[in-house]
Amino acid sequence: TLTLEQKVGQLFIVRPDALDLTLSQETIDDPRADGVTQVTDAMRETLQAYPVGGICQFGKNITDPEQLAQFNADLQAASRTPLFIAVDEEGGAVARLANKDTFDLPRYESAAAVGVEGVDAACAMGQTIGAYLKEYGFNMDFAPDADVNTNPDNPIIGTRAFSSDAATAAEMAAAAADGLRTSGILPTLKHF
């Protein structure tokens, strides 16, 4: 029953900052700039006018557990169509919630360290991360990282990958994804 415009909108997952039409694109994209941390009436109007499919929270949009839970709940309430509410929470270096000192959450050294422990550990990591994401109103995680650490000079992936062996990395990523799913979180295998 969605209009064509609404169907197209469902293809987009945006930063919450993009709902504040007073912000410049530079400010929206700048990870060091202040981020939007609560829903305003203007943002509600934008979400009604441009019904996107989801929101991805970044570090600059997250201050503490209470703020985040309320923000995500308010975003869902402001949308006529249920939103995907996502975050990058891989564990290790990329963990928007667990690496913030205002949250008391389990921290993982890296996916590579978990990969050494085996598939049960990767699944357990997914379940743990999924459980706390669900608690804060998320339903999608831009994780796990399914890359293979094949280039030791690549500073972007490195220990974010479960392994330097393709078959092992695939097995671990699948186990972490299963753990997220069992906690009610949609996994997103990346990078693609």
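**Exercise 1. How many bridges join β2 to β3, and do they run parallel or antiparallel?**

Before we start, a word on the model: this is a predicted structure, where local features need pLDDT of at least 70, side-chain atom pairs count only at pLDDT 80 or more, and totals for chains, interfaces and linings use all residues. Residues are numbered from 1 along each chain as its sequence is written, and side-chain values use heavy atoms, with hydrogens and water left out.

*Step 1.* Helices (H or I, at least four residues) and strands (E, at least two) are DSSP runs, numbered from the N terminus. Two strands pair if DSSP finds at least two bridges between them.

*Step 2.* β2 and β3 are joined by 4 bridges and run parallel. Within this pair, Cys56 stands opposite Ala86 in β3.

*Step 3.* On the other flank, β1 is joined to β2 (residues 54-57) by 2 bridges, again running parallel. Here Val14 stands opposite Ile55 in β2.

**Exercise 2. Place these strands in their sheet and find its edges.**

*Step 1.* The order β1-β2-β3-β6-β7 describes an open sheet of 5 strands with parallel pairing.

*Step 2.* β1 (13-14) and β7 (186-187) each have a single partner strand, so one side of each is left without a neighbour in the sheet.

*Step 3.* In a regular strand the side chains alternate between the two faces of the sheet. From β2, Gly54 and Cys56 point one way while Ile55 and Gln57 point the other way, and all are buried (buried means under 20% relative accessible area, exposed over 50%, partly exposed in between, with a 1.4 Å probe and protein chains only).

*Step 4.* Helix α4 lies across β2 and β3, running at about 165° to β2. Asp74 belongs to this helix and is partly exposed, with a relative accessible area of 22%.

**Exercise 3. Describe how α6 packs against α7.**

*Step 1.* Two packed helices are described by the angle between their axes and the distance between the axes. Axes are lines fitted to C-alpha atoms, for helices over the stretch in contact, and angles run from 0 to 180 degrees between N-to-C directions.

*Step 2.* The axes of α6 (residues 119-135) and α7 (residues 166-182) come within 7 Å and cross at roughly 35°.

*Step 3.* Contact means heavy atoms within 4.5 Å. Among the residues making this contact are Ala122, Cys123 and Gly126 of α6, with Met172, Ala175 and Ala176 of α7.

*Step 4.* Zoom in on Ala122: this residue is buried, with a relative accessible area of 0%. Not counting residues up to four places away in sequence, Ala122 touches Val114, Phe162, Met172, Ala175 and Ala176.

**Exercise 4. Which residues touch the most other members of the largest nonpolar core?**

*Step 1.* A nonpolar core is a set of buried Ala, Val, Leu, Ile, Met, Phe, Trp, Tyr and Cys residues joined through side-chain atoms within 4.5 Å.

*Step 2.* The largest has 38 residues, and Leu75, Leu97, Tyr132, Leu133, Tyr136, Phe138 and Phe162 touch the most other members.

*Step 3.* Elements giving two or more residues to this core include α3 (41-49), α4 (65-78), β3 (84-87) and α5 (111-117). α6 gives the most, with 6 residues.

*Step 4.* Leaving out residues up to four places away in sequence, Leu133 touches Val87, Glu89, Leu97, Phe138, Asp141 and Ile185. Another core lies apart from the largest one, with 5 residues, among them Cys56, Phe58, Met140 and Phe142.
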